[in-house]
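Subject: Structure handover

Hello,

Here is the structure I said I would pass on, with notes on what turned up in it. Please keep it open while you read.

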Amino acid sequence: MRWFVHRGLCAAFLSSAAQGPPVELVKPAGLEFTHRNSPTTQKYLIETMGGGVALLDYNNDGLLDIFLVNGGNLEDPQAVPADFRRGDPAYWNRLYRQNRDGSFTDVTAAAGLSHAGNGYGMGVAVGDYNDDGFPDLYVTNYGRNILYRNNGDGTFADVTEEAGVSAGGWSVSAGFLDYDNDGRLDLFVSRYLDYDLSRNLLCGTPFRSYCRPDKYEGTTNLLYHNEGSGHFRDVSVKSGITSARGKGMGVAFNDYDGDGFPDIFVSNDLMEQFLFHNKGDGTFEERALEAGVALSDDGKPFSGMGVAFADYDNDGLPDITVTDLALEKYILYRNDGDGHFSYASNATGLAGLTARSSGWGLGLHDFDNDGWKDLFVAQSHVLDNVERINSALQYREPPGLYRNLAGKFEKSALASLPPVAGRGVAFGDLNNDGAIDAVVAVLGGRPMILRGSANRNHWLILKLIGSRSNRDGQGAKVRIGKQSVYVTTAGSYLSASDSRVHFGLARDSHAAIEILWPSGTRQILNDVAADRIVTVKEPQ
Amino acid sequence: MIAVSLLSMFLAFQVTPELRQHVDAGLKAKAAGDLDTAIHEFKRAAELAPALPAAHVNLGAVYLEKKDYANAIQPLRKALELNPDLPGAQGMLGAALLALGYAGESVSHLEKAGAGNLLGVALLESGRIRDAVDQLEAALQKRPDDPDLLYYLSQAHERLAKQLFDRLRETSPESARAQQMLGDVLAASGNRDEAAKHLGAALALRPDLRGVHVVLGEMYVESGDYESAEREFRAETQMVPGSATAAYKLGSVLLQRGQVREAIAELQRSNALLPDMPETLLELGKAMATTGDAASAEKMLHRVLDQEQTSKLAEAAHFQLAQLYRKLGRSADADREMKLFQGIRARQK
């Protein structure tokens, strides 16, 4: 392994030397990406949004690779229609293959991913939609989206047209899920605003700034049903997804009511959030208000950015965490188990810890392997001149790591990490050492690779292979003791995480594992030795 | 009205048919709202009877009605020159002068006219702030909801406060109170960094100053620094244990920081010191709901709604109640509260 550790960080963590720093900023060789959002004086809203990041093992060599979504060129002002100069290598999305020594090689061109289309880049979803054992990529744009099929030989092919998933408008986050449990991964796309560059508004006095989303109309999200044979069918209307028009940002999946069908949470910007309850018959009902996850504890809308749909308190029920802008406090809804949620930002201390921060991508993962999922957030305000508007706030912020102490949160010391305009973040174990790593996509900058520090606690990573269920095992529920993890690559913001499942086991050197596959199959694995990566196949 | 009332004065004067014709035509035009014709007719009447005060005052009154203050002044002055006791003329001249910004000159005329509300404004604009406050307070007694009076009285108090502030800074610039006041003003204007400096200086000079920690704490809350806010509110509650405000603010911050039990204790203490403040009751309701004490939470939230029907506090209380009833399985109650919440929300949009 060859990680180049940013030495400046070490001193900051001396106070917690017993356990070591929770994460370290590393600069692996070969990862030379710079996100280009092309900020203009026109303050086009799309400039503020990107970019996304995915952690996937595209060549099945057991090492996670990194895919980064770029923005595009914007003239000042930009004539329409624009092609955002995506043909220029400076604006390509990039795929970096991880090498055995921990360095990376840019394989974008060789993999056939240099054609980024004509849209301004946003995010990425990962899923093996054709069940061939190789993860595919879906890239969202302001403009036409692109589905890249993994050919299994190190290359990808743009199959958007034959798959029928080009979408259009302003797509933001996306994710693969098998919403009808038919064994094939379907696709959900969140969309932000009914927006056109030619209708961009200018706001702010005396300091010109980006307009609030309430100056624009919202739009609908999209759901595509996987018909097999490489084709998807747009079921957005038929499924009831378009019954709610929103200002979609993040999207995450989990089965909040335990009925065996994945539900969909969409974080919306400055309006009610959406919880699409899966009725199990191919249709959804938007129930956020009834379930208590639409608004803040005072009934106020907030600027929903990213979302994590995972069990933070080890009660076996998936909870919902939503990032938002400074002074709104990150939102945590605890699942009460009866179809309703309670606002838990206060009770967990998260409100007080996050009031000054603005969050985007996030994830609940066990960074210290103590058996409790910690909250990691990519942070930054949306306004690049927010300090001039409110001197107490900052545009660039270091990422936030909020350690989970049996259901209460405590801020970890990451203050010495450099402040950046964090956006997407993806999670996975890059170096297979059992500690969760995070890759933060930075708006207009270079990504941050944050390596989790292994400690004496035990861990397990499971790679699921579905047979009756979709091959990724997305939608499976995995339990070890009181911990539960829902298998998904979606969540966060604009990003896709490692499809493998990670558990911290604290002092337990062995574990009993229970897997409930989307097919309904229940699988028990007893006395599994810890500290290794285990591949689990779904029984036929 | 004034023109009509002056008709009798015309009648007492030697009135020629021509003069009477112009006066009648002027009055008729004025009554019909045709002010230009009225001016023309009254001008002609004043030319025909230059020694007749009523002719000039009528002309001035119409100019005043037309808001042509500059042209109103000359005929009103002429009328008062001919008859200093002419009814209404002093008030009209004072009003015209004030409208053009000659506040100092208008004062004597408005005093003679006994026009308390306009006099208050004239005194304010001519820098006699204390006298202005007295006049405006008296006028407000008669018209308590007059928006002009409320506006000018608030201006007068603000300027009076500014005068006192300036005096404090001139006479005791290094005093703790001067630092505190400067800090308060800076905090109110959103200049947090400078405010914190002066408030800190005030506390360094007089650590026992009441209220400084509250202002500092509020600034920290506004900037999202709840840890520092808690420190400041805690300092205030220790120094002034009888302060309901400090206890409420400490309780509110503790709630956001996840210290729910201690938050409830502080909020209950605040409610005991200053009972039934709706803000305190709402926070108590939220805190009690967090601990699962649904019955107490419901009680507190209903007490908010006993006092608040359409405010943001009422909106939040209905929302909290809807969540509470939903959890308790009381669907009909939850639906009702949600509808009330949405009704207030729709009105506020």
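The side chains of A:D297 and B:K286 form a salt bridge, with 3.3 Å from N to O. Please bear in mind that this is a predicted model. The salt bridges between chain A and chain B number six. There are also 13 residue pairs in polar contact between the two chains, counted where both residues have a pLDDT of 80 or more.

On chain A, three elements each give two or more residues to the side that touches chain B: α2 (288–291), β22 (341–343) and α3 (350–354). Sorted by class, that side of chain A has nine nonpolar, 11 polar and 10 charged residues.

Next, the extent of the interface. On chain A, 30 residues are in contact with 26 residues of chain B. The two chains bury about 2200 Å² between them, and 46% of this is on carbon and sulfur atoms. Of the area that chain A buries against chain B, 21% comes from A:L289, A:D298 and A:N346, which is more than any other three residues supply.

Now the pockets. Rolling a probe the size of a water molecule over the atoms shows where empty space is left. The largest pocket has a volume of about 780 Å³. It is lined by 28 residues, and those closest to its centre are A:D298, A:K329, B:Y226, B:Q256 and B:K286. Two of these names have come up already: B:K286 is the partner of A:D297 in the salt bridge, and A:D298 is one of the three residues named for the buried area.

Which elements of chain B each supply at least two residues of this lining? They are α14 (212–222), α15 (226–239), α16 (244–256), α18 (278–291) and α20 (312–328). The most comes from α16(B), with five residues. By class, the lining of the largest pocket has 13 nonpolar, three polar and 12 charged residues.

The second largest pocket holds about 530 Å³ of space. Of the 30 residues that line it, A:R212, A:L325, A:H381, A:V382 and A:L383 are the closest to its centre. Two elements of chain A, β15 (263–271) and α4 (386–389), give two or more residues to this lining. The lining of the second largest pocket divides into 20 nonpolar, seven polar and three charged residues.

A good place to start is the pair A:D297 and B:K286, followed by the residues at the centre of the largest pocket, B:K286 among them.

Regards

Technical notes. Residues are numbered from 1 along each chain as its sequence is written. Chains are lettered from A and ligands numbered from 1 in the order in which they are written. This is a predicted model: local features need pLDDT of at least 70, side-chain atom pairs count only at pLDDT 80 or more; totals for chains, interfaces and linings use all residues. Side-chain values use heavy atoms; hydrogens and water are left out. Contact means heavy atoms within 4.5 Å. Buried area is the accessible area (1.4 Å probe) that two parts lose on being put together, summed over both. A salt bridge is a side-chain nitrogen of Lys or Arg within 4 Å of a carboxyl oxygen of Asp or Glu. A polar contact is a pair of N or O atoms within 3.5 Å; within protein, one must be able to donate a hydrogen and the other to accept it, and residues adjacent in sequence count only if both atoms are side-chain atoms. Helices (H or I, at least four residues) and strands (E, at least two) are DSSP runs, numbered from the N terminus. Ala, Val, Leu, Ile, Met, Phe, Trp, Tyr, Cys and Pro count as nonpolar, Asp, Glu, Lys and Arg as charged, and the others, Gly among them, as polar. On a 1 Å grid over the protein atoms alone, a cavity is a set of points where a 1.4 Å probe fits but cannot get out, and a pocket is an open set with protein on both sides within 12 Å along at least five of seven lines; lining residues have an atom within 4 Å of a point. Grid points are joined across faces, edges and corners, and a volume is the space filled by probe spheres set on the points.
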